[in-house]
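Dear colleague,

I am handing over the structure below, and my notes on what was found in it follow directly after.

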Amino acid sequence: MEFIQPILWKDDSLYILNQLKLPETTEYNSKKTIQEVFHAIKDMELRGAPLIGITAAYGMYIGIKDASANNHRSFMELVRENAEYLRQSRPTAVNLFWAIDRMVKRAAELEDKSLDEKKYLLLEEAIEIQKEDESINRSIGENFMPLLRDGIRILTHCNAGSLATAKYGTATAPMYIAKEKGWAMKVFADETRPYLQGARLTSYELHQAEIDVTLICDNMAGFLMSQGKVDVVIVGADRVAANGDTANKIGTMSLAVLANHFKIPFYVAVPTPSIDLATPTGKEIPIEERSPLEVTSWYGKQIAPEGINVYNPAFDITPHALITAFVTEKGIVLPDYQINLQKLLVK
């Protein structure tokens, strides 16, 4: 089973698969400056909380690889300046801040190293973050298996797949593991307006992996559930608050409400770096609002009246009471989330 690689590190450069052009065109663009990394994240050339974090880690290295700082203090000033810059790229995905903070912490530990050694070790840290993500995602998939069965029918939203991570994805990880086991399954992928990540990305990568996937419009999900065609909903997460409230792509909360009505399990696949115990509830999670053009046009073609008012939040907050369980690389987390998420992270 082949996986699409969303980023590649080679020849001392970061190559990013331009997801804005999928599935029509497979195009990798080299990013040689921290500004190019910033805009790749902000402009959604790549997306997905884990992948954003990995990319930011490489961006932190790129930001210092040509540095000529002659002492550790000036080196750390540059590191912190770069960190603050990259933090502004996208505010909701907590992995962004987690990866940046990890790179800053690693840099601070290198006071007794030469400048060349500092650069080398920060690159190694970014590579390690990518490797860890791959391992985390596979473990999430394996931990899902007791909750699923041969012949399962899964509904998913947005793209929490291999295109959003180092490999396997989060919400799609159990699909890939189930395929390895030879299980039959059927996946329904929401198109995910307005950026169509489900249509362009999830359906694309699952189809490439020869997983039985059917694309539906977002507003078909409730009818599909009413027909008894969905056994379980699995989504990813951009940030999970301490009480279990979850930020994910806009439209996720609606699915959770529908799943609750039809008594369908609603699972969130989440790596522990996406769990933010410093954020008490979903009310404190910043919600990114994006350009009206994402709603009013597509590929440069106007599809709505000129000058129309637009509200375009990129994410919504699913209340913890609507979530059946979280599945992480460390295991399954059941309610009470306020207590059990804390226990999970202190293991």
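How many bridges join strand E9 (residues 246-249) to E14, and do the two run parallel or antiparallel? Four bridges join them, and the strands run antiparallel. Please bear in mind that this is a predicted model, in which local features need pLDDT of at least 70 and side-chain atom pairs count only at pLDDT 80 or more, while totals for chains, interfaces and linings use all residues. Residues are numbered from 1 along each chain as its sequence is written, and side-chain values use heavy atoms, with hydrogens and water left out.

The sheet

Strands here (E, at least two residues) and helices (H or I, at least four) are DSSP runs numbered from the N terminus, and two strands pair if DSSP finds at least two bridges between them. Within the pairing of E9 and E14, Thr246 has Thr318 as its bridge partner, and Ala247 stands opposite Ile317. The wider arrangement is an open sheet of four strands in the order E11-E8-E9-E14, with mixed pairing. Strand E11 (275-276) and E14 each have a single partner strand and stand at the edges, so one side of each is left without a neighbour in the sheet. In E14 (residues 315-318), Phe315 and Ile317 point one way whereas Asp316 and Thr318 point the other way, and all are buried, where buried means under 20% relative accessible area, exposed over 50% and partly exposed in between, with a 1.4 Å probe and protein chains only.

The cysteines

The structure holds zero disulfides, a disulfide being a pair of cysteine sulfur atoms within 2.5 Å. For Cys158, the closest cysteine sulfur is that of Cys217, and no bond is possible because the two are 16 Å apart, which is too far. Cys158 counts as buried, at 8% relative accessibility, while Cys217 is partly exposed, with a relative accessible area of 29%.

The largest pocket

A pocket is an open set of points on a 1 Å grid over the protein atoms alone, where a 1.4 Å probe fits, with protein on both sides within 12 Å along at least five of seven lines; lining residues have an atom within 4 Å of a point. The lining of the largest pocket includes Leu20, Lys21, Tyr195 and Arg200. Helix H10 (293-296) and strand E12 (297-298) are the elements that give two or more residues to this lining.

With best wishes
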